[in-house]
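This report describes a structure with its sequence, beginning with the interior and then turning to the chains and to selected residues. Please consult the display below while reading.

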Amino acid sequence: MRITQGCFSFLPDLTDEQITAQVEYCLSRNWAIGIEYTDDPHPRNTYWEMWGNPMFDLQDAAGVMMELAACRKAFPDSYIRFNAFDSTRGFETVTMSFIVNRPKVEPRLRMVRQEVDGRSQRYSFETIR
Amino acid sequence: MDGDTPAPAPATVDLRAEFESSGVRDLLEELDRELIGLYPVKERIRETAALLLVERARKSLGLSHDTPTLHMSFTGNPGTGKTTVALKMAGILKRLGYVRKGHLVSVTRDDLVGQYIGHTAPKTKEVLKKAMGGVLFIDEAYYLYRPDNERDYGQEAIEILLQVMENNRDDLVVILAGYADRMDNFFNSNPGFRSRIAHHIEFPDYTDEELLRIVKYMMADQNYTMTPQAEAAFGEYIRLRRAQPHFANARSIRNAFDRSRLRQANRLFTEAVGALDAAALSTIEEADIRASRVFRGGLDSERIRKETADDL
């Protein structure tokens, strides 16, 4: 099941060239790029593992792409995303986030129903590999 | 880039026009104007610029082109303008389209080498990432290698540097700088560096006349003038200073100029009565230069005589 989240989620996967262009855009606005990866794409799993520290003060996308290559090499079968952090006073938050790598075979999400008090139903999702 | 052939490749290319339009001409002229002396350095820069222009022309004609390796080493005595030239180099490479951003990241050993195990690699990588798209200037690069301590983390930084210099040749240019003899040692003990650096540029010492022109240029820049007597005294100062220890070419001369400003200010403050005009405020006189202890045998004589230091 193709998991989508963040920017460009309705588009096909970005090519490296397109990723570079997006990173250039982020850097031109002085955003810092952080790389994160996970094997669990559950929508509630918001905190992914960090790949190194977020990269501040970069001038060129080549540095980010170098880290992406290293991360892909270490976790080829993981989801990898870029978070662009805007440190402007008053924002100080992630302003852009997009997926740059996904596993060949993606896990599925299954909905689980549970009967609770009375005839009420509870719904939850779980990741199945 | 090489895969998609551009539509119709032009049949000829006008190097002269290319030279004019790229803005390299302005930069080279600026270099000639602002950097006094350093003829071998300027020659090498001109050659490099020509090579890059020709490579670009070849590319536009669809001829095979291989991005030349542009990592450099600048060797020379202190104060011979290595950092200044590195800054200009970044500009030239940017205008030739060799680096994308053209900024200069200037670092020393401390910025690359970590304090404990596992600290060096991320630190070096971070610096390299910041320098991507521009020029990484490593000042006093020989400190990276400490032969006396085999567990020194400098070696790790060197390995990462070499790897990135090789793999990301299109993304950044590394310039190593340092004093000639120690750099030679450094290259001998790290053959990897020597082979990856194509351009070894030596910075010669300035001659006395060049130093005098430099100081006049600095003064003009800050709206100061020297009387003819002061100029003669400065010429003598340069000759004497060169023979004394810790002579650092243009840097020593800049310091001498700063101190003469100090003395001039003091002289004006103690002697002047009434209104001063702009000329008085910007003229350096002979006395301001003659007061230097360089004329009395330099630093050591001062210590022996235990006089109050007038020359900081």
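## Nonpolar cores

In this predicted model, B:Ile175 is in contact with B:Met72, B:Phe74, B:Ala86, B:Met89, B:Val135, B:Leu136, B:Phe137 and B:Ile138, when residues up to four places away in sequence are left out. A separate core of 31 residues lies apart from the one to which B:Ile175 belongs, and its members include B:Ala131, B:Ala157, B:Met183 and B:Phe193.

The largest nonpolar core comprises 54 residues. Within that core, the residues with the most contacts are B:Phe74, B:Leu93, B:Val173, B:Ile175 and B:Phe234. Two of these, B:Phe74 and B:Ile175, touch each other.

## Chain A

Chain A contains 2 helices and 6 strands. Their order along the sequence is α-β-β-α-β-β-β-β. Measured out along the principal axes, the box filled by the C-alpha atoms of chain A is roughly 60 × 35 × 25 Å.

Chain A has 129 residues, of which 39% count as buried. Among its contacts with a separation of 6 or more, 54% are between residues 24 or more positions apart. The exposed area of chain A is about 8200 Å², and 51% of this area is supplied by carbon and sulfur atoms. Chain A carries 15 positive and 18 negative charges, and the mean positions of the two sets are 9 Å apart.

## Chain B

Chain B is made up of 312 residues, 45% of them buried. Its secondary structure includes 15 helices and 7 strands. The C-alpha trace of chain B spans about 75 × 55 × 30 Å along its principal axes.

For chain B, 74% of the contacts with a separation of 6 or more join residues 24 or more positions apart. The chain exposes about 16400 Å², with carbon and sulfur atoms contributing 51% of that area. There are 43 positive and 48 negative charges in chain B, and their mean positions are 2 Å apart.

## A buried lysine in helix α3

B:Lys42 is located in helix α3 of chain B, which covers residues 39–60. This lysine counts as buried because its relative accessibility is 6%, under the cut-off of 20%.

What does the side chain of B:Lys42 reach at 3.1 Å? The partner is the backbone oxygen of B:Gly37. Beyond its neighbours up to four places away in sequence, B:Lys42 touches B:Leu31, B:Asp32, B:Leu35, B:Ile36 and B:Gly37. B:Gly37 therefore appears both among the residues touched by B:Lys42 and as the source of the backbone oxygen reached by the buried side chain.

## The start of helix α12

B:Ala248 sits in the loop between α11 (228–243) and α12 (249–271) of chain B. With a relative accessible area of 12%, B:Ala248 is buried. Apart from neighbours within four places in sequence, the residues in contact with B:Ala248 are B:Pro78 and B:Gly79. B:Pro78 is 170 residues away from B:Ala248 along the chain, yet their C-alpha atoms are separated by 4.9 Å.

B:Asn249 belongs to helix α12 of chain B. Is B:Asn249 buried or exposed? It counts as buried, because its relative accessibility is 1%. Although B:Asn249 is not a glycine, its phi is positive, at about 45°.

## Loop residues with greater exposure

B:Asn223 is placed in the loop between α10 (208–221) and β6 (225–226) of chain B. This asparagine is also not a glycine but has a positive phi, of about 60°. B:Asn223 counts as exposed because its relative accessibility is 62%, over the cut-off of 50%.

B:Ala291 lies in the loop between α14 (286–290) and α15 (299–305) of chain B. Its relative accessible area is 26%, so B:Ala291 is partly exposed. The C-alpha atoms of B:Ala291 and B:Ala131 are separated by 45 Å, and the two residues are 160 positions apart along the chain. B:Ala131 is one of the members of the core of 31 residues.

Methods. Residues are numbered from 1 along each chain as its sequence is written. Chains are lettered from A and ligands numbered from 1 in the order in which they are written. This is a predicted model: local features need pLDDT of at least 70, side-chain atom pairs count only at pLDDT 80 or more; totals for chains, interfaces and linings use all residues. Side-chain values use heavy atoms; hydrogens and water are left out. Helices (H or I, at least four residues) and strands (E, at least two) are DSSP runs, numbered from the N terminus. Buried means under 20% relative accessible area, exposed over 50%, partly exposed in between (1.4 Å probe, protein chains only). Contact means heavy atoms within 4.5 Å. Accessible areas come from the Shrake-Rupley method with a 1.4 Å probe; for residues, only the protein chains shown count as cover. Lys and Arg count as positive and Asp and Glu as negative; His and the chain ends are not counted. The place of a charge is taken as NZ of Lys, CZ of Arg, CG of Asp or CD of Glu. A nonpolar core is a set of buried Ala, Val, Leu, Ile, Met, Phe, Trp, Tyr and Cys residues joined through side-chain atoms within 4.5 Å. A polar contact is a pair of N or O atoms within 3.5 Å; within protein, one must be able to donate a hydrogen and the other to accept it, and residues adjacent in sequence count only if both atoms are side-chain atoms.
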